[in-house]
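Biologist: Hi! Could you walk me through this one?
Modeller: Happy to, here it is.

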Number of protein chains: 2
Amino acid sequence: MSVKVLNVKEDILGANEEKAKKNRELLDKNHNILINIMSSPGAGKTSLIMQTINRFKDKISIAVIEGDIASTIDADKISSQDIPVIQINTAGACHLDAIMIEKALDKLALEETDLVIIENVGNLVCPAEFALGAHKTIMLLSVPEGDDKPHKYPLMFTEADVVLVNKTDVMPYFDFDIKAFSAAVSGLNPSARILPVSAKTGEGLELWFSWLEDMLK
Amino acid sequence: MSVKVLNVKEDILGANEEKAKKNRELLDKNHNILINIMSSPGAGKTSLIMQTINRFKDKISIAVIEGDIASTIDADKISSQDIPVIQINTAGACHLDAIMIEKALDKLALEETDLVIIENVGNLVCPAEFALGAHKTIMLLSVPEGDDKPHKYPLMFTEADVVLVNKTDVMPYFDFDIKAFSAAVSGLNPSARILPVSAKTGEGLELWFSWLEDMLK
């Protein structure tokens with residue numbers, strides 16, 4: 001049977017860009033690098049951040065901004081590593097915006113910080129639409145979510161500088177075609193770096209760490 | 001180190017309720033049952049709907065409304081079963097709303113339909129905030145997403161009549177505590193029915209089918 005298509009347009013973007021630019025100016029003044037990490041719920045953002053902190057915390061000064069609808073579960077995990085953490089509870093909103101980040105940056109000792117990591121709200125849609133002032137945009141797609149997601153959530157994949165394919169340790173139990181996935185991402189975003197990793201076992205993380213190291217130089 | 005919490009309030013709900021009520025009146029007039037299925041991207045909504053169509057299509061008349069940011073991948077899969085499918089492309093919006101559903105219902109032959117299934121946009125946040133006129137709300141949480149999600153996305157779990165824990169076939173490969181998960185869901189929503197299933201292997205689906213059958217009586 002044929003499929004009928006309705007196109008519904010909706011104005012979902014606010015005047016967020018100007019504030020994001022100001023955030024960037026503040027960061028640049030303080031020689032901070034800001035990365036914005038986005039994914040679906042449960043794709044492994046917090047595990048990746050924990051691994052990244054473990055790897056870099058003896059060399060550089062790191063702070064984390066945690067975005068969540070509710071709870072401080074992730075922030076509590078990360079603060080156990082003796083890293084400054086700002087929790088933003090969005091009270092229902094499905095993404096962080098530049099004003100929230102401005103408020104969070106205001107609470108950090110930026111002059112003593114090298115790297116600020118944002119863990120955005122778990123969502124493949126809205127977070128990609130709101131510039132925060134980040135220098136680089138990272139997204140995680142976990143193997144169990146399926147290889148068709150670039151077609152269904154194109155903006156997120158278009159915006160990402162690095163696409164981490166997480167949970168490669170469970171690849172044998174899912175029908176995930178990494179070649180088809182990579183081709184779809186490259187079709188949307190030819191310059192995106194695609195890195196298969198397991199934030200749980202550590203497999204593949206060296207490439208992520210060296211990308212981050214190059215970026216911090 | 002202590003965690004600082006910022007609370008950010010944002011007005012994200014429109015005047016959607018009135019339209020949802022009108023949708024419900026239209027459905028009731030035509031003796032249609034409408035169910036709204038929500039989950040993260042890749043949790044298995046389409047597979048569940050395919051299994052449900054397979055089970056019921058010889059007994060009752062089913063139509064499907066597919067919500068997606070972009071693409072007709074899911075709608076194409078479902079229309080291959082010779083079921084009427086309305087694709088709503090939200091052009092970036094992260095959820096369906098009652099106006100979109102009104103337009104979709106207008107394209108269906110409601111007087112000849114028993115069950116209308118909505119596959120909402122893959123997202124654990126916004127879809128729960130917008131009433132559509134559905135008689136029952138179903139959510140899927142897949143095992144790889146983790147058992148902490150009720151704490152982090154409470155509204156979705158509070159709104160659901162049935163919570164399907166999908167992908168039980170990969171349970172051995174993940175640290176998913178079904179008891180802790182069920183306790184968290186029951187804490188938010190004591191009347192929610194929690195059903196572990198695998199839409200891939202069919203395991204546990206009998207309980208879902210019999211719940212649906214009872215509801216259709």
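Modeller: A term to start with: copies are superposed by least squares on the C-alpha atoms of residues with pLDDT of at least 70 in both. This is a predicted model, where local features need pLDDT of at least 70, side-chain atom pairs count only at pLDDT 80 or more, and totals for chains, interfaces and linings use all residues. Residues are numbered from 1 along each chain as its sequence is written, and chains are lettered from A and ligands numbered from 1 in the order in which they are written.

Biologist: Thanks! Which residue of chain A comes closest to the rotation axis?
Modeller: Asn123(A), with its C-alpha at 3.0 Å.

Biologist: And what turn lays chain A on chain B?
Modeller: A turn of 180° with a shift of 0.0 Å along the axis, giving an RMSD of 0.0 Å. That is the relation of a two-fold axis.

Biologist: New topic: is Ser198(B) buried or exposed?
Modeller: Ser198(B) counts as buried because it has 23 C-beta neighbours inside 10 Å. The cut-offs are 20 or more other C-beta atoms within 10 Å for buried, 12 or fewer for exposed, and partly exposed in between, with C-beta atoms placed from the backbone.

Biologist: What does Ser198(B) touch?
Modeller: Not counting residues up to four places away in sequence, its contacts include Asn166(B), Asp169(B) and Glu203(B). Contact means C-beta atoms, placed from the backbone, within 7 Å.

Biologist: How far is Ser198(B) from Leu164(B) in space?
Modeller: They are 9.2 Å apart, C-alpha to C-alpha, and 34 residues apart in sequence.

Definitions and conventions
Contact = placed C-beta atoms within 7 Å.
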